[in-house]
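Me: Could you walk me through this structure with a few questions and answers? Let's look at a pocket and then at a pair of helices.

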Amino acid sequence: MKLQKLLYYCQAWSIVKNKKRMFDEKIEAWQYGTVIPEIYQKHKGKKEITCWNHGSLEKIESDSTLKEFIDSILQNYGTKSGSFLSHLTHSEDPWLQAKDRADKEITVEDIYNYYNPEDSN
């Protein structure tokens, strides 16, 4: 659960701060908060993730700006429990708006408008 929420916040803040998505997979509003279905399917039922075959660790480590960005997300959200982060996403408009949609997708526009309201149209 915690991984899902951390990935969500990486994506959300990348959309706002960098004006681009960090990854292409869609995010959905599920019962316990934000979920990337592809990641859920690969790791469901596991208490601990011992290997990671998604993305490129070398790309992150070779890009100091990207690494600093991810580190800042982890500093802000990484100390929180999965449960806390789930409750946090439940209190935010992107999840609240998407939970009632047929496709449950949390859109880039929903994220941008919520986390950067002064710049939204």
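Me: How much space lies in the second largest pocket?
Reply: Happy to help, and please keep in mind that this is a predicted model. The space in the second largest pocket comes to about 480 Å³.

Me: Which residues lie nearest the centre of that second largest pocket?
Reply: The lining of this pocket is made up of 18 residues. By class, eight of them are nonpolar, four polar and six charged. Nearest the centre are M1, K2, Q4, Y40 and K46.

Me: Which helix gives the most to the lining of the second largest pocket?
Reply: Two helices, α1 (2-17) and α2 (37-43), each supply at least two lining residues. The top contribution is four residues, and it comes from α1.

Me: Now for the helix pair: is α1 parallel or oblique to α5?
Reply: A packed pair is described by the angle and the distance between the two axes. Here α1 and α5 (residues 82-90) have axes 8 Å apart and pack at about 45°. That angle is why α1 counts as oblique to α5, and the word to use is oblique.

Me: Is the crossing of α1 and α5 left-handed or right-handed?
Reply: On the α1 side, the residues in contact are K2, K5, L6, Y8 and Y9, and they meet G82, L85, S86, L88 and T89 of α5. By class, this contact has five nonpolar, three polar and two charged residues. As for its hand, the crossing of α1 and α5 is left-handed.

How values were computed. Residues numbered from 1 in each chain as written. Predicted model: local features only at pLDDT ≥ 70, side-chain atom pairs only at ≥ 80, totals over all residues. Heavy atoms only, no water. 1 Å grid on protein atoms, 1.4 Å probe; cavity = no way out; pocket = protein on both sides within 12 Å on 5 of 7 lines; lining within 4 Å. Points joined across faces, edges and corners; volume = space filled by probe spheres on them. Nonpolar A, V, L, I, M, F, W, Y, C, P; charged D, E, K, R; others polar. Axes fitted to C-alpha atoms, helices over the stretch in contact; angles between N-to-C directions. Parallel < 35°, antiparallel > 145°, perpendicular 65-115°, else oblique. Left-handed = near helix turned anticlockwise from the far one by under 90°. Contact = heavy atoms within 4.5 Å.
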